[in-house]
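Me: I should like to understand the reasoning behind the labels attached to a model. Please set each value against its criterion and then conclude.

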Amino acid sequence: MALATQPLYNALIRRSIDLQRLCQLAAQQVVEPGLRVVLLENAAALELFVLDLQMELSARGGRPATTGQWRGPLQRRLASWWARGMPLKDTQWIRLLSRREAVLVRHFEETMALAPIDTAQCLHRLAPRLQAIHLDMGMLAGVTH
């Protein structure tokens, strides 16, 4: 069973690691201290989400990913460069993070729908952590529009 679900888990793990690192980068570059705190909290929540996924996969006998996607570092460099050139840097970071987070949530939901029942049940238990981040980003993105 671990071999069948390992790619599902690892895809989620890699995407989550990339978003977590992007949140950390954004927190370093935003101007608003309150926003910095929220982004660091989201990064910490994503780190816990990744650890939960990794532990679950390990418990199933699988080998969890420990790094993000190969393009993650390039995407962070581009995002940093892009945000630096914008006059409303904090707003740009929120928009970027909101889009990336929405992609992760969509991927998570698709994975739950396609996964075997036992894997889908496990992912369902982890969903509240991701939903909390989704709500934070939704509120932040709503404030900037």
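The exchange below takes up the classification of residues, contacts and elements in this predicted model.

Me: What makes the pattern of the chain α-α-α-α-α?

Reply: The chain contains five helices and zero strands. Read along the sequence, the pattern therefore consists of α entries, where a helix is a DSSP run of H or I with at least four residues.

Me: Why is Thr-5 called buried?

Reply: The relative accessibility of Thr-5 is 0%. The cut-off for buried is under 20%, so Thr-5 qualifies as buried. Thr-5 is placed in helix α1, which covers residues 2-29.

Me: Which residues does Thr-5 touch, and what makes them contacts?

Reply: With residues up to four places away in sequence not counted, Thr-5 touches Arg-60, Pro-116 and Thr-119. They count as contacts because heavy atoms lie within 4.5 Å.

Me: Why is Pro-64 called partly exposed rather than buried?

Reply: Pro-64 has a relative accessible area of 21%. Buried requires under 20% and exposed requires over 50%; the value for Pro-64 falls in between, so the label is partly exposed. Pro-64 is located in the loop between α2 (33-59) and α3 (72-84).

Me: Where does Pro-64 make its contacts beyond its neighbours within four places in sequence?

Reply: Pro-64 is in contact with Asn-10, Ile-13, Gln-54, Leu-57 and Ser-58, once those neighbours are left aside. In addition, the C-alpha atoms of Pro-64 and Arg-14 are separated by 9.5 Å, although these residues are 50 apart along the chain.

Me: How do you know which contacts in the chain link residues 24 or more positions apart, and what share do they hold?

Reply: Among contacts with a separation of 6 or more, residues 24 or more positions apart account for 80%. The test for each contact is heavy atoms within 4.5 Å.

Me: What makes a set of residues a nonpolar core, and which members of the largest one touch the most others?

Reply: Such a set must hold buried residues of the nonpolar kinds, joined through side-chain atoms within 4.5 Å. The largest has 37 residues, of which Leu-39, Leu-46, Leu-53, Trp-93, Leu-97, Phe-108 and Leu-130 touch the most other members. At least two residues of this core come from each of α1, α2, α4 (89-114) and α5 (117-144). Helix α1 gives the most, with 10 residues.

Me: How confident is the predictor, and in which elements is the mean pLDDT lowest and highest?

Reply: The chain has a mean pLDDT of 85, and 82% of its residues reach 70 or more. Among the elements, α3 has the lowest mean, 61, and α2 the highest, 94.

Terms used:
Residues are numbered from 1 along each chain as its sequence is written. Side-chain values use heavy atoms; hydrogens and water are left out. Buried means under 20% relative accessible area, exposed over 50%, partly exposed in between (1.4 Å probe, protein chains only). pLDDT is the predictor's confidence in each residue, from 0 to 100.
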